[in-house]
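User: I am new to this structure and would love a close look at one part of it, with enough of the surroundings to find my way. Could you walk me through it?

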Amino acid sequence: MPFFEVLKNRAQSQINALLDKNSGNVNPAGQNNNHIHAQLLSGAESSGFNNYKRTLTKDDKFREQFNLADDQTLIADINAEIGFVTAPLPDGPNKPSVDQQVLYSGKLFLSESYLIFISANEPRVCSFTLPLLTIKRVERLPSKAYVFALSIQIYHGLTYSIQFIGLKSTCDRFCAALKNQLKSNLPLIKTMKPFLNTLYSEYLINMIELKHHDSTSAQPTTIETPVAGLGQIFKYPGDARKLRDKSKMRLWLEYLQTHGRNLTIIKQATFYKLIRVGLPNRLRGELWELSSGSMYLRLSNQGEYDRILQENKDKHSYAIEEIEKDLNRSLPEYPAYQSSEGIERLRRVLTVYSWKNPDVGYCQAMNIVVAALLIYMSEEQAFWCLNNLCDRLLPGYYSRTMYGTLLDQKVFESLVEKTMPILWNHLDKNDVQLSVVSLPWFLSIFVNSMPLVYAFRIVDIFFLEGPKTLFQVALAVLRINGEELLEISDDGAVISVLKNYFLTLDLSAHPKSPNESLRSITRFQELMVVAFKEFSGISEEMIVELRAKHQDKILEGIETFAKRNQIRSLLKPKNFTSEQLSIVYDKFYEAVLSTRELDYQLDQKIPLKKDTHHNREKSDSDAVSTTAHHSEMDEITFYKFLSTLADWIDINDPSLFEPSARGDSDGDDFLSRLFHNFDTEKTGYLSLQNVVDGLDKLVETDLLSSINHFFELYSPCVEGKLHKVNRDTILRMSEGLLFLTKPWREGEKLDTISMEQLEDLDQKRLQQLSLMESFEEQNNDSLDNEDIIGHDDILFDDNDGKSIKSVKSYKSTKSAQTSSSISPQPSGSRSKQVNSNTNADGKPSADFKRDEENILHEQSARYLSAVSSFIQRCFEYATPEKEEVLIDLSDSNEDKEQEICNNNVALDPSHPLSIDLATFRMVILADETLEMFFSKSLPLSMLANLNNSRQGLLGIDNPTRFKNTLKDVFDGLVTDGMRVANEVKRRIDDGAKNTKGRSSSQGNNNHGDDDDEKVVDEDVSQKDRDLLEDL
Amino acid sequence: MDSQSTAPRPTTSVKLVLLGEAAVGKSSLVLRFVSNEFQENKEPTIGAAFLTQKCSLANKTIKFEIWDTAGQERFASLAPMYYRNAQSALVVYDITKPNSFIKARHWVNELKAQASPGIIIALVGNKLDLVEEDTNNTSSSNDADHEDDETEHSDNVEDTTNAITEDASDSDSDVETQSARCVALQEGEKLAAEEGLLFFETSAKTGLNVRDVFLAIANKIPDEASKRRGNGLLAGSGHNGDSDANGLPNHDGRISLDASNANGTGACAC
Ligand SMILES: Nc1nc2c(ncn2[C@@H]2O[C@H](COP(=O)(O)OP(=O)(O)OP(=O)(O)O)[C@@H](O)[C@H]2O)c(=O)[nH]1
Ligand SMILES: [Mg+2]
């Protein structure tokens, strides 16, 4: 319990922290997120998880009640009375068969493959789950008392009579449905025979019948012995005589002969009693799979085990590696597991399961459970039994997060608290964590916790009664040892006491009693009585209810733990705080999950085919492909993820997210380079570490590193050295720049230069306002005054999106604003002003509006010109170098280049050229806008988005809102861009020349003087424009 | 170090937790320490196992309450349950399994971040017997393998990490137990030095150095801790890092093994 408290508190404080940050704004998504992640982490077992949460459909409940596979639905049900006539016992005295007159009333259900009966009120009186393919013949019986009566004959001769109770129409409908299903099961009948050959009960009875026949006819027939568990070769654990194995066997034989065997067995009170006293060795495996329902799974999936085994024969996986470590460490004291025969079987079952369910893969404790199963079961039986365990009986126990284990420990603790409050308080007071003690019991169904013979007795009941058995036994262990435990004050001692108890289960429970029969009761017998009598109140529903109750807390705890761990194990990035990392983590998993969710939905849409085999094959391979990367993202997911952080990705751009449309947008090339750059191991998927490392480079504000990184995207890096890039790649780079700078070109974002200009403008406006104020004060025009104040309130309210600043308080926040204009926060949101100004009709506002528009125009122009002069300069400073081109160009690129060159005189193919990193740097540094873009605008905008996304409203709602309003303002501007670009470019180039004083002698002999250059510049940029339009 | 001294020495209970990748030999180390046995095929630990062992020092007796945890990755979320309130920890790796060393690094980080402050951590590279063939010059033969090692005296952490990762991917391909050493003695030493850990290379199979690990920890437990455990007393003990305070091997695990292996049993009143 304290462990969970810790987790809970941790989760709680996280949520509190979240609330604090939002200054009272509850983020309703926050709490759910935790579950999303936990669900994601727990992988495919989320289906198990859903079982508690989801409101079950009628079919779900039906399947759950009768342990049916997912392909079964409830087709019809009806009240009925059942009677059965047994075949006469072939040997021994012909006992009178079960009285034909005894009728059991209850309910009859029909599904695709089964006819199921369960007696009313007390289900244990009589029930069966009859596969339709075992029915040999159905006849209508003459009956007066009932509307309808059928006689159903089973393949082995047993006959059930069914008398329907209800309206004639209901009976008719049921019978029609039954007829239909029988018909569609006809083709499956041929699969029954090989299946029956794997069952010992079938073999046993056939042998007896054969003996009977042989004594009359002298025709000796042999029947193949079904594959048995390892116990048949290596001896079953325990002393068969002491276990009274023979008498148990006799009793079972009798039962099987009168009540049908294996698939067709009718469960009556004796059936349960016989299981309670312990199963005989030879029938144990079969009865385990029968009572757990895995026999039906095996029946409908015959051959699957071998198929998976063959298909993955020489494959390797991480799970296999883990399995290998434990093969020699599974019940090593049992002789079979010191032999290759035993080890091989164990290896195959565990491995096949890891292929079948890669989300679970392999979990320690599975080796012990399967090793136990294999003593009594064939490989295939054990395999399907394991399936049933993981999916149904021990849901989520062996999952990657082991959430099922943690959950049931919590459930167990709450049951202890409820049933043994004194002990609970004592343990609680002494800070003893019960789960430390009980966890292995649950995880390996008590195998390994107590001597095998006893553990198997519990397993017998567990398969019959389900998960509640584990709780009942665990509670009984505590109850029996309660007094001793009350004297103990640390969890180590609790373990010791109980360990000792388990080792002495064969001793007398009452050694000092004068009563001999009391003395002869063993501790184990006592345990059974306490577990199933005293704790008989522990029901399946109770467990389900408690699971649902505690589930959220557990998932929350797991999520917190996983996140903390994963973030801690990341190689620490340079530019992120742990808080920012935590946001990256959330966004990463949100993206991965949403993709997965999408995949899942697509999967669901695939119509269910009749050919289940084929279907399964498909879903299996899907499962492998998606789950192998269940915590990594593919390219498209990466774009989605990035779009939440990068203003330059338009989430609405279909070309980015639809593979079919890809390839014709500016961003494609850049984004794909980015993805592959992030993907350092070249797996085609990005891990959290990849993404963090990559983003770390993107938000780098060190100018040179930032430039290097951009260059790195385009330059093939060989042996740690960046190569030069050729002409074609230079063009690609300019495309990349165009793509990246889009938000600034389109005025959605403001860079520092524009911010400073706006600051100036604000300053001016402020002065003018105060002038006006004083003027209006003089005039006492209250209406106008209000108007203006009101207007400015709006203006500044949206200004940084957080606090309302009146005109008066503006001055005091001014300094903060100036500093933040360098930092990214207010960038972009400024533009809102333009909008509010448009609505205002004050004279000065209109003027300012024009000024603001001008600033935005200028910024847009600056960026366009920056990109065009980038190309120009690259070509200017590029060195002609033949070999580089040969190295860098693949055939297809050459074609492309050819094409481009034909259209562009500037790109004379006879002069191949390339630039290296140094030149590239120089080119970027030559342009103030680009320099600033790399050192500030780009990295800071991303960091800002990261920080903003903590506050849901700011990060998500606002930008889109003002983006749309801004669209109108800039529509004209953008189409006009080129003209403006040329204009401004000239100006800026002049300016740049003055300030930077770049020597024109460096590598260009074209330009004699300034006048000439201007002409050339215009010329080149004209060509560049063509180029840009072409691309 | 007389085990049967007449004066009753104060007994200090010390909670010790073992962490490390699956099958590195955590349970085997405990078994060797507690009952001086070795089992070739030790079952994996499910959840955790608990054992106690007393250890007599000159002036006190230490009673180790040992929590031996499950090593598989997915059991990691249970680990906080076990290292809660622990005063000491063994972080174990297998010197023939590079991945296990990476895991060890993670465990050290986790303990430093989440366990009680001042927890005494010993880094243990186990299965030394598997590389015992080249006993006499483990370190020199190692230098031959990693030529960089000698020159690399600066703490260039990145390089080491890279080297390990590469090794890891290499060994992934061949599953079968490879008896070659994959984690250099120096790598363990370096991590221990960086993080202020005790460091040993051991063999649970031969018993080599096993006792020394526990003794070293016992010696670092401050006396005051005997009054009450787990209430932060350890945080103040300035012992961290100076592990040879008790003349115990920190520099080179091999030195100690000669000294203490022969009569190592005398130190513990088991
Ligand atoms: N050669 C050799 N084998 C060892 C040594 N220590 C342990 N082993 C073997 O390694 C295997 C795993 O040992 P365990 O002690 O069970 O490992 P563990 O760390 O407790 O494993 P988990 O409980 O799964 O976490 C067993 O087969 C041991 O016999 C050692 O020093 N030398
Ligand atoms: Mg272990």
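Analyst: Happy to help! A residue is called buried when its relative accessible area is under 20%, exposed when that area is over 50%, and partly exposed in between. With that in hand, and keeping in mind that this is a predicted model, let us start with chain A as the setting. Of its 1031 residues, 54% count as buried. Chain A contains 48 helices and 13 strands. Among its contacts with a separation of 6 or more, 73% are between residues 24 or more positions apart.

Now for the close look, at the packing of two helices in chain A. One is α11(A), which covers residues 281-292, and its partner is α17(A), covering residues 379-393. The axes of these helices are 10 Å apart, and the angle between them is about 35°. Where α11(A) passes α17(A), the crossing is left-handed. To see who meets whom, look on the α11(A) side for Glu286(A), Glu289(A) and Ser292(A), and on the α17(A) side for Gln381(A), Cys385(A), Asn388(A) and Leu393(A). Sorted by class, this contact is made up of two nonpolar, three polar and two charged residues.

From there, we can turn to the nonpolar interior. The largest nonpolar core has 215 residues, and those that touch the most other members are Leu108(A), Leu115(A), Phe164(A) and Tyr398(A). Tyr398(A) is a good one to click on. Leaving out residues up to four places away in sequence, Tyr398(A) touches Val360(A), Cys363(A), Ala365(A), Met366(A), Val369(A), Cys390(A) and Leu443(A), as well as Arg74(B) from the other chain. There is also a second, separate core, with 72 residues, including Ala562(A), Val584(A), Leu703(A) and Val923(A).

Two single residues in chain A make a nice pair to set side by side. Ser161(A) sits in strand β7 of chain A, residues 159-165. Its relative accessibility is 15%, and because buried means under 20%, Ser161(A) counts as buried. Beyond its neighbours within four places in sequence, Ser161(A) is in contact with Glu81(A), Ile82(A), Gly83(A), Leu141(A), Leu150(A) and Ser151(A). Asp431(A), in turn, belongs to the loop between α19 (421-429) and α20 (434-443) of chain A. With a relative accessibility of 31%, Asp431(A) counts as partly exposed. Its phi is positive, about 60°, although Asp431(A) is not a glycine.

Chain B gives us a matching backbone detail. Ala23(B) lies in the loop between β1 (11-20) and α1 of chain B. Its phi is also positive, near 65°, in a residue other than glycine. At 21% relative accessibility, Ala23(B) counts as partly exposed.

Moving a little further along chain B brings us to the magnesium ion, ligand 2. Ser27(B) coordinates this ion through OG and Thr45(B) through OG1, at 2.0 Å. Ser27(B) is in helix α1 (residues 26-35) and Thr45(B) is in the loop between α1 and β2 (48-56), so the pair ties together parts of chain B that lie 18 residues apart in sequence. Both Ser27(B) and Thr45(B) are buried.

To round off the picture of chain B, there are nine helices and six strands. Of its 270 residues, 54% count as buried. Among contacts in chain B between residues at least 6 apart in sequence, 76% join residues at least 24 apart.

Notes: Residues are numbered from 1 along each chain as its sequence is written. Chains are lettered from A and ligands numbered from 1 in the order in which they are written. This is a predicted model: local features need pLDDT of at least 70, side-chain atom pairs count only at pLDDT 80 or more; totals for chains, interfaces and linings use all residues. Side-chain values use heavy atoms; hydrogens and water are left out. Axes are lines fitted to C-alpha atoms, for helices over the stretch in contact, and angles run from 0 to 180 degrees between N-to-C directions. Helices (H or I, at least four residues) and strands (E, at least two) are DSSP runs, numbered from the N terminus. A crossing is left-handed if the near helix is turned anticlockwise from the far one by less than a right angle, and right-handed if clockwise. Contact means heavy atoms within 4.5 Å. Ala, Val, Leu, Ile, Met, Phe, Trp, Tyr, Cys and Pro count as nonpolar, Asp, Glu, Lys and Arg as charged, and the others, Gly among them, as polar. Donors are N, O and S atoms within 2.8 Å of the metal (3.2 Å for Na, K and Ca); water is not among the atoms, so sites may look incomplete. Buried means under 20% relative accessible area, exposed over 50%, partly exposed in between (1.4 Å probe, protein chains only). A nonpolar core is a set of buried Ala, Val, Leu, Ile, Met, Phe, Trp, Tyr and Cys residues joined through side-chain atoms within 4.5 Å.
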